[in-house]
Amino acid sequence: MTTLLIIAVLVLGFMVVLRLSRVAELTGALRGHREEVISEQDNRTSGRLMWAFGAIYLIWFIWLPLEYHEVFLPQAASTQGVWIDAMYTFNWWMLGIVFFGTNIALFYFAGRYYHRDNRRAFWYPHNNKLELLWTVVPSVVLVGVIIYGLSVWNKITAAPAPGTMEVEIYSKQFDWTFRYPGKDGKLGATDFRLINADNPLGIVTRNTITNRLAELHEEVDKATAERDALAEVLPEDIKKKKSEEIAHLNRLIERIMGLRTLMEQDVATNGDNSTYLHGADDKVTKEFHLPVNTDVELIIRSQDVIHSAYLPHMRAQMNAVPGMATRMHLVPTITTDSMRTITGNPDFEYILLCNKVCGVSHYNMQSPLTVETAGAFKVWTIMLTPFEKAGVPPVEASSGGEATLSDTVKTEIAGGAEAAAGTNNQSN
Ligand SMILES: [Cu+2]
């Protein structure tokens, strides 16, 4: 009701102003005043109003951050965040100086040099020194901004020091999965062809390869049986489609056997250092923890579309791109508990957000992050179940899949190298 009244008052007020201006126009006309002739007094008033508006406008820009700084993010919670904030502040200073300088000049000149009948404008078309000045100074400042930005970016994406702990952030529509190294301290190789219900990240081990092959052979058998049983009744195009599906599954099987060849060769060459032997003890979890004051190398991957791993309190963000692994360093410097004290919010949680519009549930693609002491983190990781114990059932010695495999050993040998070249391994 009050809102309605306020709106009514505003509308009526507006109509009154319109009427009054019409009255002023008419009385002017009666007095013989011509509307197109603007007096010096009018121009001076406009000039003063320009100053008043300029002052309010600039004061508003100063007031905004002072009033609302509490809704800004709290202090940066990582070493990299401090670098980013310093760069951000530097950029704001540059922008602020230019913004206030140009706007003060704009409003000052507009108010100072209003039109006077007895004065002519000074014709000043060109000045080489001025041109040089306003070309060189912004160029130098911009080069400075870019060099500063690049140096910070290079520090954030620099190659990790040997022994840096790797943590994988794996994205898919619409959630996050995390992978921590097991006892060997290293993440194992992955391949998207091995992804199934038991192996959401496609970790490569002898077991996962065997299980995935068995699963695919079962699919081939089922699809073939289905197609053949209905051979009499199915239309030609559907049968063709079914055959294409079966051919696709068979190609997938060949590629995975190529991967297995590659794995065995790598194990033969590198022994225990082979990246294919590091996956079994990896720990796959839906919870995200990081130790405080420890340099962590985040490996970021995606299963489907481009996502972006964004940790606002760490001032960290990196795209998750399907088919490749992106990475960045992070040294969290404030534990979740300390941040609760700093912000005065007992429920404070760091958050990992997806920062690329990736589909219908993008808005909900998030995960809390716990930053804790190195000791607490270690205890937490030890409590996690290693991958091979967690999801993958042990392989039976004589599974149906294995039997069929021996039939295609020739293909394996012939296609191994080619298929291996086409595999998409993200090894460390
Ligand atoms: Cu996403």
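What span should the 24 residues of helix α5 (residues 206-229) have at 1.5 Å a residue, and how far apart are its end C-alpha atoms? In this predicted model, the expected span of helix α5 is 34 Å, and the end C-alpha atoms are 34 Å apart, so expectation and model agree. Several residues of α5 are buried, namely Thr208, Ile209, Thr210, Asn211, Arg212, Leu213, His217 and Val220.

Helix α5 belongs to a chain that contains eleven helices and ten strands. The overall dimensions of the chain were examined next. The C-alpha trace spans about 110 × 60 × 60 Å along its principal axes. The radius of gyration of the chain is 34 Å, whereas a compact globule of 428 residues would have a value near 22 Å. Of the 428 residues in the chain, 23% are buried. Among contacts in the chain with a separation of 6 or more, 75% are formed by residues 24 or more positions apart.

The surroundings of strand β1 (residues 165-172) were then considered. Six of the eight residues of this strand are buried, and β1 is therefore largely enclosed by the rest of the structure. The threshold behind this statement is that a residue is buried if 20 or more other C-beta atoms lie within 10 Å of its own. Strand β1 pairs with strand β5 (residues 296-302), and the two run parallel, joined by seven bridges. Within this pairing, Glu166 has Glu297 of β5 as its bridge partner. Strand β1 also pairs with strand β2 (residues 175-180), here in the antiparallel sense and over five bridges. In this arrangement Arg179 of β2 stands opposite Glu168. The connection from β1 to β2 is a hairpin of two residues. Strand β1 thus has a parallel pairing with β5 and an antiparallel pairing with β2.

A single helical position, Gly149, was also examined. Gly149 is found in helix α4, which comprises residues 128-156. Gly149 has 14 C-beta neighbours inside 10 Å and therefore counts as partly exposed; the class lies between exposed, at 12 or fewer such neighbours, and buried, at 20 or more. Gly149 and His33 are 116 residues apart along the chain, and their C-alpha atoms are separated by 61 Å.

How values were computed
Residues numbered from 1 in each chain as written. Predicted model: local features only at pLDDT ≥ 70, side-chain atom pairs only at ≥ 80, totals over all residues. Helix = DSSP H or I, 4+ residues; strand = E, 2+ residues; numbered from the N terminus. Expected span 1.5 Å × (residues − 1). Rg over C-alpha atoms; globule rule 2.2 N^0.38 Å. Contact = placed C-beta atoms within 7 Å. Pairing = 2+ DSSP bridges.
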